[in-house]
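Trainee: Could you walk me through this model with some questions and answers? I'd like to see how you reason from one residue to the next.

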Amino acid sequence: MLGDEFILKKLSSVTGADIEGLRLVLSILSGYLIAVFHRKFLYGKPPGIQHLYFIITGLFLGFYNFGLDVLHTTVTLLFVYTVLKTIGGTLHSVIITLTFSMIYLLVGYAKNETESYDIVWTMPHCILVLRLSGLAFDIYDGSFPEKELSKDSKKVALLEVPSLLEMAAYSYFPTSFLVGPQFPMKRYQDFVAGKLKHNPQSKLPECIWPGLKTLAVGLLYIAIYCVGTNYYPDSYILGPEFVEISFFRRICILGIWGHITLIKYIAIWLLSEGSCTLIGLTYNGTDDNGNPKWDACSNANVVRFECAQTFTYDYIGSFNINTNQWMLQYVYKRLRFLGNKYYSQIGVLVFLAIWHGFHSGYYLTFLMEFLGVVLEKDMEVILNRNKVFLEFLSLPVIKQIKWIVLKFYTIVVMGPCIAPLALRSFNRWWPIYCNTYFFVVILWGPWFLYKPIVKALLPPHKDVKEKKVN
């Protein structure tokens, strides 16, 4: 451990990264070695042996990063197992599991949160909250007749409570324990049973190249982040130089800084996804050409992210994908009784904000997300009803101009949207909003006021063919 600390300090002095962050990256990269060992010696072996391997390696990574604090996750695991084993698949077990794990997490936040990004035991615990709560939901769904379940619930519903050994292995799965991604217990069970393969007759899943390719992209993104953050660190947008430049440069630089900040998260998710792929967890059927897909645990869509044209479908749709899918299945769809999609969306965003912690920046970010989504979805409906304007936008020259305009739009709006999430505390993100004159708030906030004007300027038009018939 002393030698490890010496190496980490040297790397920290060279890269400028903090020691805790380097230790986390090293732990995620070690997932590839764990995956290779499992592939060579344990794949296809009895489930109990595999469970023990995942528990030991996962706990080791947790201890390496957080010391004995990793046992907080063990307390939650044992409590949830006891609840599920005694109460079974009921609504009460879901409520108790979600409530206990969330309260435990929030107490951890209260004791450990600072203004900086905290790499403490609450990091894997927030992953565990969703994982165990999703498990409780799946067991609850399994208590209903299959015909009453939704298509998604049928795929993951469980008929019985897993054993403690299986639940522990699922919770501490070493390639996803620290930073995700999320995946259901049913996927873990299929993986251990050797079912996640393109060719059922093959001895091992053909996932080496997909895993290494994802690793390469993740390492490339880390390099891009290291270079980008040297040019535009947090200290620059928080410093006096940022205020002295023009407003236009400010919103552009803030957007670039926001993009670089998102790259940090994407890089970590790609590294974790690559190890999940290498171990064989991410098989997702085949594409239209019959080629195997290894994207079931993908948490970021790099192409969609870099080519983003909208805030709603491209940025949000390409970022933290598995968590968004979890929220869709276990929160959004279960709030249908509210009778309004916007109420359900607000419920999801409030849950996400609380799940992240107490800093005011989290709540502002998700409020901005709600405002942006409402505006863009309303605009989509308005534009789709105006066939003439859509045809105008499809003209070759106009199409190119539209691409440039929308690319600029997505870059500049992402800056102030991600700033509160990244900077967290009020005294850090508030000056950013003041220095950029709250331009995104002014753009999105009063949408309900100027929406009638936009609808009047772009009224619904009948199709050209319908006009000819008339």
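Trainee: Is Arg334 buried, partly exposed or exposed?

Mentor: Buried means under 20% relative accessible area, exposed means over 50%, and partly exposed is in between (1.4 Å probe, protein chains only). The relative accessibility of Arg334 is 25%, so Arg334 counts as partly exposed.

Trainee: Before we go on, what kind of model is this?

Mentor: Residues are numbered from 1 along each chain as its sequence is written, and side-chain values use heavy atoms, with hydrogens and water left out. Local features need pLDDT of at least 70, side-chain atom pairs count only at pLDDT 80 or more, and totals for chains, interfaces and linings use all residues, as the model is predicted.

Trainee: Back to Arg334, then. Which residue forms a salt bridge with Arg334?

Mentor: Side chains of opposite charge can pair when their charged atoms come close. The rule here asks for a side-chain nitrogen of Lys or Arg within 4 Å of a carboxyl oxygen of Asp or Glu. For Arg334, the N to O distance is 2.8 Å, and the partner is Asp141.

Trainee: How many residues apart are those two in the chain?

Mentor: Helices here are DSSP runs of H or I with at least four residues, strands are E runs of at least two, and both are numbered from the N terminus. The salt bridge of Asp141 and Arg334 links distant parts of the chain: Asp141 is in helix H6, while Arg334 is in the loop between helix H16 (321-332) and H17, and the two are 193 residues apart.

Trainee: And is Asp141 buried or exposed?

Mentor: Remember the cut-off for buried, under 20%. Asp141 has 4% relative accessibility, so Asp141 counts as buried.

Trainee: How many salt bridges are there by this rule?

Mentor: Another one joins Asp378 and Lys451, at 3.3 Å from N to O. That pair links helix H18 (residues 360-385) with helix H23 (residues 447-457), 73 residues apart. Asp378 is buried because its relative accessibility is 12%, whereas Lys451 is partly exposed at 25%. By this rule, the count of salt bridges comes to five.

Trainee: H17 came up earlier. Which residue of the nonpolar surface patch has its place in helix H17 at 37% relative accessibility?

Mentor: Patches take residues with over 30% relative accessible area and no salt bridge, joining like charges within 9 Å and nonpolar side chains (Val, Leu, Ile, Met, Phe, Trp, Tyr) within 5 Å. One such patch holds Phe337, Leu338, Tyr343, Ile346 and Val350, with about 500 Å² of accessible area together, found by the Shrake-Rupley method with a 1.4 Å probe, where only the protein chains shown count as cover for residues. Helix H17 covers residues 341-356, and the residue that counts as partly exposed because of its 37% relative accessibility is Ile346.

Trainee: What end-to-end reach does helix H5 have?

Mentor: H5 runs over residues 91-112, which gives 22 residues. The expected span is 1.5 Å times one less than the number of residues. That gives 32 Å, and the reach from the first C-alpha of H5 to its last is close to it, at 32 Å.

Trainee: Which helices help cover the buried residues of H5?

Mentor: The buried residues of H5 include Val94, Met102, Tyr104 and Leu105. Contact means heavy atoms within 4.5 Å, and the cover includes helix H4 (71-87), helix H6 (122-141) and H17.

Trainee: Which residues does His38 touch?

Mentor: His38 is found in helix H2 (residues 19-42) and counts as buried because its relative accessibility is 0%. Leaving out residues up to four places away in sequence, the ones that His38 touches are Tyr43, Gln50, Tyr53, Phe54, Phe191 and Ile279.

Trainee: How far apart in space are Leu423 and Asp234?

Mentor: Leu423 is in helix H20 (residues 396-423), and with 0% relative accessibility it counts as buried. In sequence Leu423 and Asp234 are 189 residues apart, but from C-alpha to C-alpha they are separated by 8.3 Å.

Trainee: UniProt has an entry too. What share of residues 404-423 is helix?

Mentor: The unreviewed UniProt entry lists 404-423 among its "transmembrane region" stretches, though such annotations may be inferred rather than shown by experiment. In the model, the end C-alpha atoms of residues 404-423 lie 29 Å apart, with strand at 0% and helix at 100%.
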